[in-house]
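Visitor: I'd like to learn how to read a contact between two chains. Could you walk me through it?

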Amino acid sequence: MKNIIFKAIFIFILISGSSCEKELLNVDNPNTITTDQFWLTEDDAQKGVNAIYHMFYQNGGFNRWIYFRLDLTSDEGFSNSPWVELADWTRFQYVNYNMWEGNSNTWANIYTAIFRANQVLANVPNIEFSDPAKKEQILAQAKFLRAFYYYYAAILWENVPLVLEPSNPDDLPMQSTLEDVWAQVEKDLTEAAPVLPVQWDEANVGRPTRGAAMAFLAKTHMQQRDWTSAKSSLDYFFTGEGAGKYNLVPNYRDNFRHTSENNVESVFEIQFSNANQTPEGNGPSSNMGTNRAQFFAPRGIGWSDGQARTWIINEFKSEKTITGGLDERLRYTLFYPELEKDFGDKTYGRSWEWGANEAWFRKYARDYYRNNEDYYSEVNFRVIRYADILLMYAEVLNELGQTAQAYQYVNQVRSRAKLQPLAQAYAQIGNNQSLFRERLKMERAKELYSESVRWADLKRWGDLETEERVDQVARRDPDFNNFEVGKHIRLPIPQSEVLLNPNLTQNPNY
Amino acid sequence: MRVNSRGSKGIFSIGENIAITNAKADEMSGNPILDVVRLLPTIPVYDPNNPGGYGYGNEATGRTFATNPVAVADLDDRTNENFRIRGNVFAELKPLEFLTYRLNLGYETSNDHYANLRKQGNWSLNQEFQPGSANENRARSQSSLVENTLTFNKTFGKHVLTLLAGQTYQNINYEQIWGSKRNILQNPATGQYYSVLDQGNQPQTGGFERAAVILSYLGRLEYNYADRYLLNAVIRRDGTSRLGRENQWGNFPSVSAAWRISEENFFQLPWLSDLKLRASYGKLGASNIADWEYLGIINTFSTIALGQTEQIVSGATQVRLANPNLRWETLTQTNIGLDLGLLNNKVSFTAEYYISDTKDVLTEVPIAMTTGNEGGNPVVNAASISNKGFEFTAGYTEAGKAFNYYGTLNLTTLRNKVSELGYGRNNIFSGNTVTEVGRPIGEWYVLETDGLFQNEDEVQNYKNSNGRVIQPDAQPGDIRFKDNNGDGMITNDDKAVVGNAWADYELGLNLGASYKGFALTMNWFGSHGATVFNGPRSVMDRFDDNSNYRAGVQPWTSENPNTDVPRAYYASTLNSRGDTDRWLEDGSFMRLKYLSLAYTIPAAIIQRIGFSNAQVSVAGQNLLTFTKYTGLDPEFNNSNIFERGYDYGAFPNLKMYTVGLQFGF
């Protein structure tokens, strides 16, 4: 009898023994490692910086929505989508500042990429590397990518908070002015450029080169109209280490296809792949492609949420080539009603079945090998190509009063398009700075239409700063009749951010 | 299927119960209730010209992106099968007459099988091309329980004392593997898909695990003197693996006392059969969150393409932030109550005042997007809330006769207030709500509407105190918004707090009657005073989308000015804003939750067949509802504590009819 009682109590005590208690409750996560167990080896550092590139594949950025913020908002495109709220965000009718697809997704994307870069910049310096140069290159890539995203944040919202350390959930950063954001971009690029290689080896093509950093640095200076600094950045390509490394490809169309990627004209290119035909996100095997073409394809082929303004067609047709034909660039820029008549090309295998005044973007479409689109396009997006560099250099030289020197760079671009040298076609310009500037704007439009540079261009040229200048833009794109000077030159900060963070104030007039 | 058994020998008893269930569900794809309304009535359900053979919008005559719900249900086929075994075994030892030791072992396991076949075909205009694909996952969850209790039970004259000491250990885990393939094989003659994962190409596979441990110690004392003075005290010490390492343990005491005044010698009112005064105070802990919310983890799934040959290279980074110091969510409940029984407990009455404070609610709270957080907001001890109110119950029972009946009415009032918010915040904005310290949780924060403009004069005369026309671009038939801050513009700063989703009171009514083996039961439930947001209507009544509208909707026109629906204006979102009080409605309702009629077959008949008792019943649930709410169902659930009154179109509660058969032997 007593034995039984003692045995029962003994078992009871055993099971409730406090020594095994602690271990019982410490259940480790068998699914993945924790942040404490990471950032210890060289491999961790490499993986950490690779993860930043993965943000290119998310909807808010160059996988989908940023083309709406840049190409459709500018006077190159517009939206006639039946999803009216989406279309409203391309024509300055901003009602709900929290709209995910119209505003918040891109904001969130940019800050997630910055968070990933900050993780690398904070943790990698503590890792021991057998080759310290490799560590520096990883840090340089993180700086480049952070600057890349702050550049676009500056272009879109201007007065954004600068987050430069890894985040905690309760962080409420202070807002910065546009000048401060530019300063940070310049700092990151200036530090990154000398460390990044002039060229990467085969396996690492796609990572930013020294030229990519210098090109973005030049863009940053140009947006601030600091022409002198811009010139010294661009000198890299003509008199510096980058000289002779870049050239224009003979066939314009090779800049927009997957069959000719990372060519000699490419300065910085986002590497897309169709290896995972799955949704985008952070799960295993997520999409590494781009949706751009699915959203910009004509009605009945894709969503047709974005269409092209047609004023550029007349621009192209106003000048014949040296052989008397049409500018080939028009062929590869737009799907438009006379495409078949002018160049013999059908649109995704169809003859024109849409409006007589309609057009769609052709760049990055895959109509060259298929008759439909999907969400997994493998065509790399050329963020900067050498033609852009040439035209930037010409613009900078012109602004510095060296108009005569600027001609040769424009002519390289025109010559690829088989056009006459500028001085012959437009003899009246001479060395007149403002005439040259106006002409250069059009040269830029013809070369870089729908390549997501125009919104920054319009801002830089001051074309959105006064009522009369905006009216001129409105003649090309009537959406600009909704444009309010002093307001729509920047996007509203997502309202949830303003409500949540007392250190943020909404952009003016919103 | 359920089997229970029990046996004893001497001081030793043993028993078990086991239940086995298997359920297979054909899950719903899409949201058919909303889809059915959106698609234009001129579009046929079937259209052989479309891939998949279903009708949807087209560019020429019906330009809408609405989804064909029949197409989705067919082309996106989901099934879920769940097989579950639940059982426990217990052994009881009674070494002494007043001492009982019990060991309880419980085990539950459940196997889930989910399959999704995406057939080739489209359900919406301009949808991207998708080949046939199959996705399957199999999961197993297991839960084991070990419980030790020692009970001391003794009666000393009029004193009855029970003491209990116990300890429980629970281990819960879950594992899943999944796989998918694309371009699966389709029989060209019959159209059948072979959705086994050996078919197809582009394989993807994955899996994950979950695990948690809960450990508890508890002690209880129950004391009863002559059924007149009652005391009950409990102390619990709970530990969970789901909280931060420093905060795993929590201590939760409770005590309650009651005084049955009607048992006192000095109390002799013959018609007052029961009078009891009671009070209680108790703490309970909760940690109903996922297993590792306190842990910052590394996501190793990102891949990027690099190099001329597009090699896939992997990356790793932190995606979701975490709060490492998560602590127990504590519910402290204080009750003071009075129970009254009259006329031999035929009439009963209860009045109770309660204070229910929940401290450190564990839930997700929105954080700034500038943190770069993805994968869901991190769980945090988000809020401390207090609920106070009264609860009254009155009942009448007539028993012991041929015709018995009873009725009980229950009324609960509630006042809700936030006492603290996580991250040291003063307010949290979530969706269309704001939660502020000192006020109820989740108040509606929207633009206020003030009728429609009837003509151009009204538009131009709508000015602020400085004479600035507030909505200069408005047309007759557009909504007039209140310019609450008087600045002459309608912006987000004009939003105001307009009510909340908490009911003023809730009502329950239980009625029953029985006569000669028949028993009728009726349960009513009602809620009054909540303001809810009619999410589905905010989607259906928007004219800025090419979709169908609800029958009888009357937008403003100059011939039809007497309406509250604004001008139907395609191509702008101004009249369809979701963040206005247009969509707020009174969510009060009264519902017949349960009605049943049961017949107990007379023992004489049933014993002849070999059973000891048997009962036949028919019952119905949610049969009648009285409400002014125009949405799908006023009794909906939104698990987001900040947005509990937002009806996002949850599938309404089903009206159910059941027939039951119960045997005992």
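Visitor: How many residue pairs are in polar contact between chain B and chain A?

Guide: This is a predicted model, and the count is 26 residue pairs, with both residues at pLDDT 80 or more. On the chain B side, the strands that each supply at least two residues are β3 (76-96), β6 (159-182), β7 (201-225), β8 (229-240), β11 (298-299), β12 (303-306), β13 (311-314) and β14 (317-318). The largest share comes from β7(B), with eight residues.

Visitor: What is the mix by class on that side of chain B?

Guide: The side of chain B that touches chain A has 41 nonpolar, 32 polar and 13 charged residues.

Visitor: And how many salt bridges cross the interface?

Guide: The cut-off is a Lys or Arg side-chain nitrogen within 4 Å of an Asp or Glu carboxyl oxygen. That rule finds two between chain B and chain A. One of them pairs A:Asp28 with B:Arg245, whose closest N and O atoms sit 3.6 Å apart.

Visitor: How much area do the two chains bury between them?

Guide: About 8100 Å², and 60% of that is on carbon and sulfur atoms. Chain B brings 86 residues to the contact and chain A brings 99.

Visitor: Moving to a helix, why does the span of α8 in chain A agree with what we'd expect?

Guide: Count 1.5 Å a residue: the 15 residues of α8 (178-192) should span 21 Å, and the end C-alpha atoms are 21 Å apart, so the two agree.

Visitor: Which residues of α8(A) are buried, and what covers them?

Guide: Among the buried ones are A:Leu178, A:Trp182, A:Glu186 and A:Asp188. Their cover includes α7 (132-156) and α9 (210-223) of chain A.

How values were computed
Residues are numbered from 1 along each chain as its sequence is written. Chains are lettered from A and ligands numbered from 1 in the order in which they are written. This is a predicted model: local features need pLDDT of at least 70, side-chain atom pairs count only at pLDDT 80 or more; totals for chains, interfaces and linings use all residues. Side-chain values use heavy atoms; hydrogens and water are left out. Contact means heavy atoms within 4.5 Å. Buried area is the accessible area (1.4 Å probe) that two parts lose on being put together, summed over both. A polar contact is a pair of N or O atoms within 3.5 Å; within protein, one must be able to donate a hydrogen and the other to accept it, and residues adjacent in sequence count only if both atoms are side-chain atoms. Helices (H or I, at least four residues) and strands (E, at least two) are DSSP runs, numbered from the N terminus. Ala, Val, Leu, Ile, Met, Phe, Trp, Tyr, Cys and Pro count as nonpolar, Asp, Glu, Lys and Arg as charged, and the others, Gly among them, as polar. The expected span of a helix is 1.5 Å times one less than its number of residues. Buried means under 20% relative accessible area, exposed over 50%, partly exposed in between (1.4 Å probe, protein chains only).
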